[in-house]
Amino acid sequence: MKPYYVIKFNAVACMFEVRINDISVITINIEGQASSIVPINFAIPKSGEQTISVHLLPITGTTNLNPEAELKVEISLYEISHKFDFKEKVWEYSFPSIKKEQIIPVLTYTSVFQAAVPYSFDGWTTGENLKEMENVKSKLIDAYNRLTQIINNGEYELFKQKIATRENSMRTSMYLSNEKSEKRISDLINDFQSGFKVQPIPSDAIYMSYGFDKAAALKKTNGESALYLINYETREELMLDLLFYIPKGKTEFEVI
């Protein structure tokens, strides 16, 4: 059995974030209307009760929710042992309509759902409590800069080592073969070598806490990763949406 959990969403005129077990699985800014499906197994470390929080936010550049804002989110279970077979709808929620006279900066809904998976991994759950540590943002910036230097120097074997724990969790939770897992990394390195250049961390990058204070990341003000590359010839942008933690007994951030 290969249970595969996904989030389906339909959104209008809003920015929103969905967290599973306090791990961000999607953050997106939508000025018009959009719907899509996003896998979430990578945020489910083991079977049992899972938390979900949905944050309805103003469109980037505004301070309050658009009266036209709508958001419906549902979690569905598929079985992918042989093909993509729908099994059941596990959870769903729709935010109530906003009245034109209402001034609302944000709406949040939190709930739980049950998941059964044939694997388990520790991931961020074994990290130090970042609330109990000092200078976490500066330490995180240092970790970003170290990773940036590795990419810029073309130290790709070292880069593979730095993201190995993350890739092991992804391979386990998404049921990837070794070949597909290796291709994920090789495709990324090919992008590095084909003209994508790492950009400086924005000066207004926001420190975001995840995993109930066991993990963190730097984000742009629009919710996108502060670690990104640009190919100036093709005008393409590549996001490296990585999560960092400090393993027990250590003092520096590592990719998780």
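Contact, on this tour, means heavy atoms within 4.5 Å. Before you start clicking, note that this is a predicted model, in which local features need pLDDT of at least 70, side-chain atom pairs count only at pLDDT 80 or more, and totals for chains, interfaces and linings use all residues. Residues are numbered from 1 along each chain as its sequence is written, and side-chain values use heavy atoms, with hydrogens and water left out.

**Stop 1: Ile-151**

Select Ile-151 and show what surrounds it. Ile-151 sits in helix α1, residues 136–152; helices (H or I, at least four residues) and strands (E, at least two) are DSSP runs, numbered from the N terminus. Outside four places in sequence, Ile-151 touches Tyr-156, Phe-159, Phe-192, Val-198, Leu-229 and Leu-240. Its relative accessibility is 5%, so Ile-151 counts as buried. Here buried means under 20% relative accessible area, exposed means over 50%, and partly exposed lies in between, with a 1.4 Å probe and protein chains only. For a distance to try, go from the C-alpha of Ile-151 to that of Gly-195: they are 44 residues apart in sequence and 12 Å apart in space.

**Stop 2: Gln-199**

Next, pick Gln-199, in the loop between β7 (196–198) and β8 (206–210). Is Gln-199 buried or exposed? It is buried, because its relative accessible area is 11%. Colour Tyr-228, Leu-229, Ile-230 and Tyr-232, which Gln-199 touches when residues up to four places away in sequence are not counted. With one of them, Tyr-232, there is a side chain to side chain polar contact of 2.7 Å. A polar contact is a pair of N or O atoms within 3.5 Å; within protein, one must be able to donate a hydrogen and the other to accept it, and residues adjacent in sequence count only if both atoms are side-chain atoms. Then find Thr-148, which is 51 residues from Gln-199 along the chain, with 8.5 Å between the two C-alpha atoms.

**Stop 3: helices α3 and α4**

Now show α3 (residues 164–173) and α4 (residues 178–193) as cartoons. Two packed helices are described by the angle between their axes and the distance between the axes. The axes of α3 and α4 come within 10 Å and cross at roughly 135°. Axes are lines fitted to C-alpha atoms, for helices over the stretch in contact, and angles run from 0 to 180 degrees between N-to-C directions. The pair α3 and α4 is therefore oblique, given that angles under 35 degrees count as roughly parallel, over 145 as roughly antiparallel, 65 to 115 as roughly perpendicular and the rest as oblique. To see what makes the contact, show Arg-166, Glu-167, Met-170 and Arg-171 on α3, and Asn-178, Ser-181, Arg-184 and Ile-185 on α4.

Keep Met-170 of α3 selected. Met-170 is buried, because its relative accessible area is 16%. Beyond four places in sequence, Met-170 is in contact with Phe-42, Tyr-175, Leu-176 and Arg-184. Phe-42 is 128 residues away from Met-170 in sequence, yet their C-alpha atoms are 5.8 Å apart.

**Stop 4: strand β3**

Move to β3, residues 48–57, and select His-55. At 19% relative accessibility, His-55 counts as buried. Its side chain joins that of Ser-53 in a polar contact of 3.4 Å. Leaving aside neighbours within four places in sequence, residues in contact with His-55 are Met-15, Phe-16, Glu-17, Arg-19, Leu-107 and Thr-108.

Gln-50 lies in β3 too. Gln-50 is buried, with a relative accessible area of 2%. A polar atom of its side chain lies 2.9 Å from the backbone oxygen of Lys-46. What does Gln-50 touch, not counting residues up to four places away in sequence? The list is Asn-21, Ile-44, Pro-45, Ser-111, Val-112, Phe-113 and Ala-115.

**Stop 5: two loop residues**

From Gln-50, step over to Asn-21, in the loop between β1 (3–20) and β2 (23–39). Asn-21 is buried, at 10% relative accessible area. Most residues other than glycine have a negative phi. The phi of Asn-21, however, is near 55°, a positive value. Asp-213 is another one to check, with a positive phi near 70°; look for Asp-213 in the loop between β8 and β9 (215–219).

**Last stop: Glu-224**

Finish at Glu-224, in the loop between β9 and β10 (228–231). Glu-224 counts as partly exposed, at 33% relative accessibility. Apart from neighbours within four places in sequence, Glu-224 is in contact with Lys-219, Glu-237 and Met-239.
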